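I am opening a fresh page for this structure and will write down what I look up, one topic at a time.

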Amino acid sequence: MATLLYRAGRWAFRRRRLVGGLWLGVLLLAIAAAAMAPAGEEEDLSMPGTESQQAFDLLDERFPQGNSQGAEARLVFQAPDGQRVTAKENRAAVEETIGSLDGGGQVASATNPYETGAVSEDGTIAYSTVTYTADVVDLTEATKSALEDAADQARTTGLTVEIGGSALDAEEAPGGTTEIIGIAVAAVVLVLALGSLVAAGLSLLTAFMGVGIAFGLVSALAVPLGLTSTVAILALMLGLAVGIDYALFITSRYRDERAEGREPEEAAGRAVGTAGSAVVFAGATVFIALVGLGVVGIPELTKMGMGGAGAVALAVLVALTLVPALFGFFGRRVLPRAVRKAGRPGSGHARAAATAAGRPGLGTRWAGFVLRRPAAVLLVAGLGLGAVAVPALSLELGLPGDESKSVETTQRRAYDLLSDGFGPGFNGPLTVVVDLSESTDTRAAADLVVKTVESVDGVASVGDPLLSESGDTAVLTAVPETAPNSGETKDLVHALRGTASGIEAETGAGVLVTGMTAMNIDISEAMSDALIPYLIVVIGLAVLLLMVVFRSILVPVKAALGFLLSVGAAFGVLVAVFQWGWAADLLGIEQTGPVMSLMPILIIGIVFGLAMDYEVFLLSRMRESYVHGASPGEAIVSGFRRSGRVVAAAAIIMISVFAGFVGMSNPTVQTMGVGLAAAVAFDAFVVRMAIVPAVLALLGHRAWWLPRILNRVLPNVDIEGEALNKAVPASPTVPDTTVPDPAPGGGRVRRLPVGRE
């Protein structure tokens, strides 16, 4: 692979105008396709195979007229203190507000609460349901303004009026203040790490190129593939993070090669052949982990995985082709200022300057510190991550609704008013679907279901059953006494389903419990059940891939255990912030509750790939030194000296990008931002920078041992570029930096035991 990528890097350098023009053309096409494509719409989560989904499918089949795809709004009215909404003047104001909407614009209907009984028992709160002929994304601004204007007009009479439902929902577009701050931090880190504005700008430019194409394609395919705004934001988040990092790794290696005296084209080829090989492997691990999310069986999670995987694949292609092409455009300006002033690359002064600029004393000193106290470093780092992970033991999964929105939004205030007026379970009603096709007495069966549901503890009220036109299906609504995300409501759903077998045995009627609350419960339970198997698959994949890359048994096992620690600590942070409310105000999170059920598996998939990035880039330099004769300790120091600074910079960039999305009001994006930023921080700075060198120091030569049978079976991917060194003659100006073999017998290059060559 290294030789093939070496040739690709040289070709891209020589044909830089062609490569740059092709990528620019692809970007313009993606932007044009996105601009011409219709806007996508947000879709409800579905989970094929669950009872909730079976009930929804049955409703689609037998109540097609009742499954309108139009948007819906709830106008919630609260009377002034000491008054009732049923008072003459308040009733007149409410009915006038409803009348101003009914039949206007895209409105299909607006119910009168005094006719439908939508008034609280104490008479202080009432609501009207407004349905529309168009879905959310097709509602015009005039229609939304009419709804808001009607609410404002009612407020002038002294009523409190809030708007719930989906009508005012809008896809949040990226590009807010926090995202810009995150990118600005990434730019500053790039400049400090590379010592060149041009090199930093090159990394940002290529990342933006890949992200622009990915975002354009997701937008263009939103309608045909049913992609939501969350898919687009995840693609943007991952594309930016890995795009900057991959360009940084290849740029850093290119500068090292130039400092050793190689000509620009040769340096570009070798950078792509070596660092590019690591980029391909790291990108492949992220891609596989994200595509693997499809095995969970949740369509939305599958789409998120595919969108993120596509963005990562584009980032890899851009890094392998556009980055070396830009080396040709920018020439020596990619090099650090000190190297450019020192003279021709490869000269004595230039190499000295490059060494001073590219060999961070802090990384070397830290590696030396770990080598002197490996057991203490391992103990402190392991116990620290374990302590942070403790909250994860109380992890609760759920899906957010209007209750998770900011209290500054009218949707959240409408939710609270309805909860106060009609009970906490009103916002999460359960739909009971009765299949009467096998029942001999449909009316008796429907009545029995109503009585049975009413008798279950935790049910506040049960509505009258609604029969389908053919009479083979009945639908009734059960309102819980508790809030949608509470554990009591979850127990109620299971209790209702537990009564189904008795009803079916007595009447032949099938009973299914559904509704968005039941669907959310089913999805959360399915995600909990899939979490451990998915984690096992990911860990197994990590061990196998790293075994292939590093020709070792213990290095992959150590990497897998470190990955578990960083993921556990990230889950601990999620629980502490989103369930317990620690630092929630600081992050702008106003409502605590269960962690989003999609997040654990999504974070495992993403962090798995990102963790492999740092493992590969750091340990490949260590193994490269070890293969060429360095002792285990010297190899660790060499790896930190040559890659530590770049890995640290890459981690800070990735953390900044992820943290930049915490400021968005979308709970899904907020949770992803916090979880991914925490996971990357723990993995890069605790696991890879502390635990990894400590374990390698304790293992010594044993770290790089591989049984003979595995050495014969496993393919050799050669990400260090050994085949490249044999196929391409070294530059005569490259100094001999081989480390003498400390073992008895001497020699420049160690012939490794089985599995080390």
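**Entry 1: a helix pair.** I began with two helices that pack against each other, and I noted that the crossing of α8 and α12 is right-handed. This is a predicted model, so I keep the confidence values for an entry of their own further down. Helix α8 covers residues 197-220 and helix α12 covers residues 299-330, and I found their axes 9 Å apart at an angle of about 140°. With that angle, α8 counts as oblique to α12. I then listed who makes the contact: from α8 the residues are Val198, Leu202, Leu205, Thr206, Met209, Gly210, Ile213, Ala214 and Leu217, and from α12 they include Ala311, Leu314, Val318 and Leu322, with Phe327 and Phe330 also among them.

**Entry 2: Ala200.** I stayed with α8, since Ala200 lies in this helix. Is Ala200 buried or exposed? I found it buried, because its relative accessible area is 3%, and the cut-off for buried is under 20%. Leaving out residues up to four places away in sequence, I found that Ala200 touches Ala187, Leu190, Val191 and Leu194. I looked at one of these partners again: Leu190 is 10 residues from Ala200 in sequence, and the two C-alpha atoms are 5.0 Å apart in space.

**Entry 3: Thr143.** I next looked up Thr143, which lies in helix α6, residues 141-155. Thr143 is buried as well, with a relative accessible area of 9%. Which residues does Thr143 touch, when those up to four places away in sequence are not counted? I noted Gln106 and Tyr132.

**Entry 4: helix α3 and what covers it.** Helix α3 runs over residues 51-62, and its 12 residues reach 16 Å from the first C-alpha to the last, close to the 16 Å expected at 1.5 Å a residue. In this helix I marked Ser52, Gln53, Ala55, Leu58, Leu59 and Arg62 as buried. I then asked what covers the buried residues of α3, and the cover includes the strands β6 (430-435), β9 (473-480) and β10 (510-514) together with the helices α19 (487-498) and α21 (516-550).

**Entry 5: α19 against α21.** Two of those covering helices also pack on each other, so I looked up their geometry: the axes of α19 and α21 are 10 Å apart, at an angle of about 95°. That angle makes α19 roughly perpendicular to α21. The contact is made by Thr489, Lys490, Val493, His494 and Arg497 of α19, and on the side of α21 by Thr517, Ala518, Ile521, Asp522 and Glu525.

**Entry 6: confidence.** I found a mean pLDDT of 82 for the protein, with 87% of its residues at 70 or more. Among the elements, helix α16 (residues 374-389) has the highest mean pLDDT, 94, and helix α14 (residues 348-358) the lowest, 49. Over residues 356-360 the pLDDT is below 50, and I noted six contacts in the model for this stretch beyond near neighbours in sequence. Residues 731-757 also have a pLDDT below 50, and beyond near neighbours in sequence I noted 60 contacts in the model for that stretch.

**Entry 7: the whole protein.** I closed with the totals, which give 27 helices and 11 strands. Of the 757 residues in the protein, 54% are buried. Among contacts between residues at least 6 apart in sequence, 79% join residues at least 24 apart.

Methods. Residues numbered from 1 in each chain as written. Predicted model: local features only at pLDDT ≥ 70, side-chain atom pairs only at ≥ 80, totals over all residues. Heavy atoms only, no water. Helix = DSSP H or I, 4+ residues; strand = E, 2+ residues; numbered from the N terminus. Expected span 1.5 Å × (residues − 1). Buried < 20%, exposed > 50% of the residue type's maximum accessible area, 1.4 Å probe, protein only. Contact = heavy atoms within 4.5 Å. pLDDT = per-residue confidence, 0-100. Axes fitted to C-alpha atoms, helices over the stretch in contact; angles between N-to-C directions. Parallel < 35°, antiparallel > 145°, perpendicular 65-115°, else oblique. Left-handed = near helix turned anticlockwise from the far one by under 90°.
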